[in-house]
Amino acid sequence: MSNTVTARIKEFNEGLLPDMLALKYKAMAESPFRFFRGSCHLFYEDLSRVKNFPVSPLTWICGDLHLENFGSFKGNNREVYFDLNDFDESMLAPLNWEMVRMLSSIYVAFDSFKLSRTLAEEMASLFMSAYVARLKNGKAGFIDPRTARGVVRTFLENAALRKEKEMIKKNTDGGQDQLSIKINNETHFPLEKSLKKDLIVHITKYLAKSGMFSVPYEVKDAVFRLAGTGSMGLKRYLLLLQNTAKPGKLMFLDVKQAMKSSLLPFNKVKQPEWESEALRICTTKYNMQNVSPALLSHLVFNDDDFVIQELQPSADKINLAKLEARVKDFKNVIQDMAMLTASAQLRSSGIKGSANHDELNDFAFSDADWNAVQDYARAYAAQVIKDYESYLAGQ
């Protein structure tokens, strides 16, 4: 295995789409936090080498938990929720792996946002205490506009007001007969003609068989979609659908390639045998989230696994950098994230090898060394800064 940071990153990303991978490398150079988000594999490679890391029960983890992997989405019931929202790296793993990834993200993000170290320490400790408190409480919670508070409540209320029609208008061209997705060469890129044709035919057949809609939808257009950081370089498509009975009713489908979790080489825990990586992701989302995103499903296209779900209006991230002066709101957000993390583990307890509810509760009341977890996160954040500087030097 290569030793330099840049070499390790390039080795891991080998085989991804070259043009999009170049954009990923550029994005990772923007800040230490963006670098952290795009190099999840480095984190777990380093963690796997740590001797005497605090032992913890096995739980289902999203695997890449960080401050920006919480967001709003509409569920199949059309209600808006705030929850963990990225499960590409999900696996059965020690509970502390999720905790230390999240705590590390707080330290790295606060450095990138130019927020005070004192505030970072306070928020990391607050996340840890709120997380343990929820495990002790033993009941999984959730956040929707009715249960949210403070800035998250405002955020969800605004998300509920954002209309699909506004998103459609912003991202489409043409009338109802010649609809197309706008190409901006930033997030939307044109597809090669034969690939586009095959994709539209495949999705059309899939939708017809799935019974997903009571009224058929026709696929009007498809483009390549670029989003996130860690997933850049994967095959990802955006499709525009039109209701055949009500032509004015449109929606977008996000179709994202599913790959093996980057934790896999470093996680010694025996995993369930999944039919596909897309099924792993969908199942973990279903088990850990309170409500699944609208139209969540999976399929195979050109021998690759894909996760599909309805694309929602954008701006679904809370801008934490703007909350520094609003400490009460900041605390509420961190506590909510901690509650949701513990709730996801409680909700998925006792499934395919994960610790059951009582075991998680007992662990929360034990003398577990949470300080050691936070100490490692603090130290690892400093390592991320060094790795980021090495990465910049190697570009």
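The legends below describe close-up views of a predicted model, taking helix packing before the empty spaces.

**View 1. Helix α1 packs against helix α4****.**
Two packed helices are described by the angle between their axes and the distance between the axes. Helix α1, which covers residues 5-12, meets α4 at an angle of about 110°, and the two axes lie 10 Å apart. Because angles from 65 to 115 degrees count as roughly perpendicular, α1 is described as roughly perpendicular to α4. The crossing of these helices is right-handed. On the α1 side the contact is made by V5, R8, I9 and F12, while α4 contributes H41, L42, E45 and D46. Sorted by class, the contact of α1 with α4 holds four nonpolar residues, one polar residue and three charged residues.

**View 2. Helix α4 packs against helix α13****.**
Here α4 is seen with another partner, α13, and the angle between them is about 130°, with axes 12 Å apart. This angle makes α4 and α13 oblique to each other, and α4 passes α13 in a right-handed crossing. The residues that meet are L42, F43, D46 and L47 from α4 and Y376, Y380 and D387 from α13. By class, the contact of α4 with α13 is made up of five nonpolar and two charged residues, with no polar residue taking part.

**View 3. Helix α6 crosses helix α11****.**
The axes of helix α6 (residues 117-137) and helix α11 (residues 327-347) come within 8 Å, and they cross at roughly 40°. That angle makes α6 oblique to α11, and the crossing in which α6 passes α11 is right-handed. In the contact of α6 with α11 there are 15 nonpolar residues, together with four polar and three charged ones.

**View 4. The second largest cavity has a volume of about 50 Å³****.**
Rolling a probe the size of a water molecule over the atoms shows where empty space is left. In this model the count comes to four cavities of 30 Å³ or more, and the view shows the second largest cavity, at about 50 Å³. The elements that give two or more residues to its lining are α3 (32-38), α4 (40-47) and α13 (370-394). The cavity is lined by F35, F36, S39, L42, F43, R101, Y380, V384 and D387. Helix α13 gives the largest share of this lining, with three residues. Six of the lining residues are nonpolar, one is polar and two are charged. Several names return from View 2, where L42 and F43 of α4 meet residues of α13 that include Y380 and D387.

**View 5. The second largest pocket holds about 470 Å³ of space****.**
This view turns from a cavity to a pocket, the second largest one, with about 470 Å³ of space. The pocket is lined by 20 residues, and the closest to its centre are R78, Y217, K249, L250 and M251. Two elements, α8 (164-171) and β10 (250-257), are those that give two or more residues to the lining of this pocket. The largest share, four residues, comes from α8. In terms of class, the lining of the second largest pocket combines nine nonpolar residues with four polar and seven charged ones.

Methods. Residues are numbered from 1 along each chain as its sequence is written. This is a predicted model: local features need pLDDT of at least 70, side-chain atom pairs count only at pLDDT 80 or more; totals for chains, interfaces and linings use all residues. Side-chain values use heavy atoms; hydrogens and water are left out. On a 1 Å grid over the protein atoms alone, a cavity is a set of points where a 1.4 Å probe fits but cannot get out, and a pocket is an open set with protein on both sides within 12 Å along at least five of seven lines; lining residues have an atom within 4 Å of a point. Grid points are joined across faces, edges and corners, and a volume is the space filled by probe spheres set on the points. Ala, Val, Leu, Ile, Met, Phe, Trp, Tyr, Cys and Pro count as nonpolar, Asp, Glu, Lys and Arg as charged, and the others, Gly among them, as polar. Axes are lines fitted to C-alpha atoms, for helices over the stretch in contact, and angles run from 0 to 180 degrees between N-to-C directions. Angles under 35 degrees count as roughly parallel, over 145 as roughly antiparallel, 65 to 115 as roughly perpendicular and the rest as oblique. A crossing is left-handed if the near helix is turned anticlockwise from the far one by less than a right angle, and right-handed if clockwise. Contact means heavy atoms within 4.5 Å.
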